[in-house]
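Please take a look at the sequence and the fold shown here before reading on. The report is meant for someone who is new to this structure.

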Amino acid sequence: MSALEEFAPLPLQESWDNAGLQIGLTEAEVSGALLCLDVTEAIIDEAVRRGCNLVVSHHPLLFRGLKQISDLTDVQRTVMKAIGQHVGVVSMHTNMDNARGGVNFKIAEKLGLTDVAFMSPRSVGNVECGSGVIGTLAEPMVSCDFVLKVKKAFNVECAMTNELLRRKVSRVAICGGAGDFLLDEAVAAGADAFITGEMHYHQYFGYEQRLQICVIGHYQSEQFTTEVFRDIIQEKCPGVRAEIAETCTNPIFYY
Ligand SMILES: [Zn+2]
């Protein structure tokens, strides 16, 4: 937990968030860490099957608090199963979104962007952080090719975009998950394109020929966050097995 928090300190998280230890004994010895985006019963089952007594997730299992722990909801059942199986759960959420080297830097890496920087850096304590990043493509691309490149890099069947830009894309702003709140910041930062995970219908209006919006799905946009977890653990805790979950927890399917 210290290694993860050193990389993405908990004070970097948003005020509404609940990152950090969710379930478990702080002094338990870790037999292995299973890395995922969402904690579900299937994830706890996989952790047990693979001999991992710790789950490291991006999205917190516990968000709004629980007033009972029963078999009535999926979150409560997951809590019961984790405790019953002695599996701890740690979540690194908006602290990992906002950290240097975190979720958005990983997305930029997958696209081969250079000069990647926070769009509007701020400081928490002495730590520089930010909600979105901007970087430059190796080569300016026509918009259609850019969208196809993003689809391929994130293995998405379908990207939602606004009308294609009639100029080339070079500077790309990124915010994994739900990043609509950064649209105007991306324009102001000189971005040609903006990649995020999800947006509402009305938010697409008004950016025609200003910004190539490219929405690739919440899960898809953040899927490589587990690689960030893996790299931290392998570097800082070389004795701990860190395994990316095989269970896909994306609740959304495309038909
Ligand atoms: Zn997310």
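What follows goes from the sheet to the helices on it, then to a second strand pair, a surface patch and some loop residues.

This is a predicted model, in which local features need pLDDT of at least 70 and side-chain atom pairs count only at pLDDT 80 or more, while totals for chains, interfaces and linings use all residues. Residues are numbered from 1 along each chain as its sequence is written, and side-chain values use heavy atoms, with hydrogens and water left out.

**The sheet of 6 strands**

Helices (H or I, at least four residues) and strands (E, at least two) are DSSP runs, numbered from the N terminus, and two strands are said to pair if DSSP finds at least two bridges between them. With these terms, 6 strands form an open sheet of mixed pairing, in the order β5-β8-β10-β11-β12-β9. Its edge strands, each pairing on one side only, are β5 (114-118) and β9 (160-161). Strands of a sheet pair through backbone hydrogen bonds, either parallel or antiparallel. Strand β8 (residues 133-141) and strand β10 (residues 169-175) take the antiparallel sense, over 5 bridges, and T136 stands opposite R171 in β10.

Helix α6 (residues 143-153) packs on this sheet, where it touches β8, β9, β10, β11 (193-196) and β12 (212-215), and its direction makes about 120 degrees with that of β8. Such angles run from 0 to 180 degrees between N-to-C directions, the axes being lines fitted to C-alpha atoms, for helices over the stretch in contact.

**Helix α5 and its surroundings**

Helix α5 (residues 103-110) lies across β5, β8 and β10, and runs at about 150 degrees to β10. How many of the residues of α5 are buried? The number is 6 of the 8, so the helix is largely enclosed by the rest of the structure; here buried means under 20% relative accessible area, exposed over 50%, and partly exposed in between (1.4 Å probe, protein chains only). The buried residues are V103, N104, F105, K106, I107 and A108, and they pack against α4 (94-98), β5, β8, β10, α8 (218-222) and α9 (225-236).

K106 counts as buried at 6% relative accessibility. Leaving aside residues up to four places away in sequence, K106 touches F224, E227, V228 and D231, where contact means heavy atoms within 4.5 Å. Just after α5, G112 takes a positive phi of about 70 degrees.

**Strands β2 and β3**

Another pairing joins strand β2 (residues 33-36) to β3 in the parallel sense, over 4 bridges. A33 has L54 as its bridge partner in β3, and L35 stands opposite V56 in the same strand, β3. Both faces of β2 are covered, since A33 and L35 on one side and L34 and C36 on the other are all buried. In β3, L54 and V56 point one way and V55 and S57 the other way, and all of these are buried.

**A nonpolar patch and its neighbourhood**

On the surface, L66, I69 and M80 form a nonpolar patch with about 260 Å² of accessible area together. Patches are made of residues with over 30% relative accessible area and no salt bridge, with like charges joined within 9 Å and nonpolar side chains (Val, Leu, Ile, Met, Phe, Trp, Tyr) within 5 Å. L66 lies in the loop between β3 (54-57) and α3 (74-84) and is partly exposed, with a relative accessible area of 35%.

V75, which lies in helix α3, is partly exposed as well, with a relative accessible area of 28%. V75 touches L61, L62 and L66, not counting residues up to four places away in sequence. V75 and L62 are 13 residues apart in sequence, and their C-alpha atoms are 7.7 Å apart in space.

**Loop residues with positive phi**

Most residues other than glycine have a negative phi, and most peptide bonds are trans. The table lists two residues other than glycine with a positive value.

| Residue | Phi | Place | Relative accessible area |
|---|---|---|---|
| H86 | near 55 degrees | loop between α3 and β4 (88-91) | 64%, exposed |
| Q209 | near 60 degrees | loop between β11 and β12 | 22%, partly exposed |

Notes
Areas by Shrake-Rupley, 256 points an atom, 1.4 Å probe, with all protein chains shown as cover. Salt bridge = Lys/Arg side-chain N within 4 Å of Asp/Glu carboxyl O.
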